[in-house]
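Hi,

Here is the structure I promised to pass on. Have a look at it first, and then read my notes underneath.

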Amino acid sequence: VMEAVMEKRQFYINGKWVGPSVVNDFDVIDPATEEVCAVISLGGQADTDAAVAAARAAFPAWANTPLQERIALVKKLGEVYVARRNDMAEAMRIEMGAPVDLARGVQWGVGAWHLKGFLAALENFHFEYAMGTDRMRKEPIGVCGMITPWNWPMNQVFLKAIPALLVGCTMVLKPSEIAPLSSLVFTEMVDDAGFPPGVFNMVNGDGLGVGTQLSSHPDVDMISFTGSTRAGIAISKAAADTLKRVSLELGGKGANIIFADADADAVKRGVTHCMQNSGQSCNAPTRMMVERSRYAEAVQQAKAAAEATQVGPTTESGPHIGPVVSELQFTKIQGLIETGIKEGATLVAGGLGRPDGISKGYYVRPTVFADVTPDMTIYREEIFGPVLAISPFDDEAQAVRMANDTPYGLTNYVQTQDDDKRLRVARQLRSGMVETNGMSRVNGSPFGGYGQSGNGREGGTWGLEEFCETKAISGVPMT
């Protein structure tokens with residue numbers, strides 16, 4: 001059945017849906033079918049300038065809008081998000097290949113979760129407070145350019161747009177051009193909620209075009225970007241001439257340290273987490289490090305878990321994983337699997353090509369390599385697919401050394417039932433987050449990394465402060 005191609009060529013600027021200044025069509029591909037599912041426009045300088053000008057003009061009034069009014073509008077947006085859950089899930093299913101249960105579940109759910117977290121953080125957030133006879137103020141930084149990725153579309157849009165709206169910033173969103181449909185639905189929701197014109201603007205485009213134009217724009221005060229480290233470097237360079245604030249959430253190569261005394265499910269849990277979202281998460285535990293006495297057993301457990309990981313159509317309900325997002329990503333992942341085999345890692349599950357019985361779509365076999373050494377490409381490079389690398393270690397010091405032997409520093413994982421060791425190891429890991437024994441972090445906990453995983457923190461109090469400037473005023477004490 002050929003689905004009709006959706007025509008989604010408009011942008012949202014100053015509270016209105018408008019056509020692009022110059023026609024520049026771009027096909028959006030459904031990764032499960034490899035068919036064109038929608039056509040969008042890629043914006044140009046005139047579109048970027050119009051959106052930035054709208055945000056700039058709207059900023060003074062929005063920054064001075066009473067906080068309770070801003071909160072009420074964000075809550076209204078949250079209500080629309082809940083009411084249109086299925087529309088949002090369907091957009092993500094089509095654009096980036098999340099199976100329907102994942103799309104309606106966690107891919108949609110993270111948005112609602114973050115919104116709740118930001119509203120809770122606001123309750124104890126002080127926009128003005130005393131420090132002796134000084135007065136400290138948190139003020140919105142101004143016009144924010146937001147550049148978001150395709151892998152967790154609403155997670156990233158909510159982590160940026162919601163705190164910025166709450167503290168009084170105005171913004172221009174440029175979603176990933178390969179997964180723009182969910183942000184178009186989000187923009188419809190913003191419009192329905194009734195924010196003043198110019199507070200939120202959305203322009204589709206690519207990184208070299210609208211992305212660079214926002215990064216280098218003299219009227220943009222801040223860029224918040226999530227995506228690859230390579231693109232993060234380019235954005236930082238483009239932003240340097242205007243000395244704007246740049247907040248980056250980039251790649252990762254998370255280590256999952258499994259000690260001999262870890263719980264019985266640790267390996268299976270680690271494989272499941274690595275494969276979630278078809279391995280397309282910057283914080284995935286992609287390097288499993290197992291204490292030698294448990295290593296042989298762990299390799300067999302990982303093999304079984306990978307072989308039990310089902311791959312299937314995005315339209316069907318179930319716990320299976322879907323395709324990866326694009327032909328480009330598929331080809332890159334295949335190349336890295338091939339390199340893993342060539343460099344001598346032991347292939348214990350999966351491998352090259354599509355899973356059995358699948359001839360179309362960018363589906364990758366859940367893959368596990370063992371005996372991976374630190375000099376191998378698959379140990380060092382972020383693969384961004386359902387591929388796990390397993391290595392043995394002999395003692396705690398070696399495990400820490402191996403985990404830290406990476407330019408990245410986003411999330412590391414520690415599995416042991418010895419609480420002292422768990423904390424001791426966690427303290428030595430050079431990463432913004434350490435998750436232990438399968439425990440998720442709480443709502444409002446800061447998300448972000450060390451090193452080439454970027455700078456800045458998203459979520460909760462940290463996420464609100466991210467979009468604020470600090471002002472100190474002397475001589476006007478607070479009564």
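Below is what I found on the nonpolar cores and the salt bridges. One thing to keep in mind throughout: this is a predicted model.

**Cores**

Let's start with the inside. The largest nonpolar core counts 56 residues. If you want to find the middle of it in your viewer, pick out Leu 77, Met 88, Leu 166, Phe 186, Phe 195 and Phe 200, which have the most contacts inside this core. Helix H5, covering residues 153-167, is the element that gives the most to the core, with 10 residues.

Met 88 makes a handy place to zoom in. What does Met 88 touch once its neighbours within four places in sequence are set aside? The list runs to Tyr 81, Trp 108, Met 154, Ser 182, Val 185, Phe 186 and Met 189. Phe 186 turns up there and is also among the residues with the most contacts inside the core.

There is a second core too, separate from that one, with 28 residues. Phe 330, Ile 383, Phe 393 and Val 425 are among its members.

**Salt bridges**

The count comes to 26 salt bridges. Here are a few that I would click on.

- Arg 245 and Glu 469: the closest N and O atoms are 3.4 Å apart. This pair links distant parts of the chain, with Arg 245 in strand E12 (residues 245-249) and Glu 469 in strand E21 (residues 468-473), 224 residues apart. Arg 245 is partly exposed, at 27% relative accessible area, and Glu 469 is partly exposed as well, at 41%.

- Arg 269 and Asp 263: these side chains meet at 3.0 Å, N to O. Arg 269 counts as partly exposed at 27% relative accessibility, whereas Asp 263 comes out at 18%. Since buried means under 20%, Asp 263 counts as buried.

- Glu 396 and Arg 424: the closest N and O atoms sit 2.7 Å apart. Glu 396 belongs to helix H13 (residues 396-403) and Arg 424 to helix H14 (residues 419-428), so the salt bridge ties together parts that are 28 residues apart in sequence. Arg 424 is partly exposed, with 39% relative accessibility.

Besides these pairs, there is a network to look at. Which residues does it join? Glu 128, Arg 135, Arg 137, Glu 139 and Lys 471 are brought into one network by salt bridges that share partners.

That's it from me for now. Shout if anything is unclear.

Cheers

Note on methods. Residues numbered from 1 in each chain as written. Predicted model: local features only at pLDDT ≥ 70, side-chain atom pairs only at ≥ 80, totals over all residues. Heavy atoms only, no water. Core = buried A, V, L, I, M, F, W, Y, C linked by side-chain atoms within 4.5 Å. Buried < 20%, exposed > 50% of the residue type's maximum accessible area, 1.4 Å probe, protein only. Helix = DSSP H or I, 4+ residues; strand = E, 2+ residues; numbered from the N terminus. Contact = heavy atoms within 4.5 Å. Salt bridge = Lys/Arg side-chain N within 4 Å of Asp/Glu carboxyl O.
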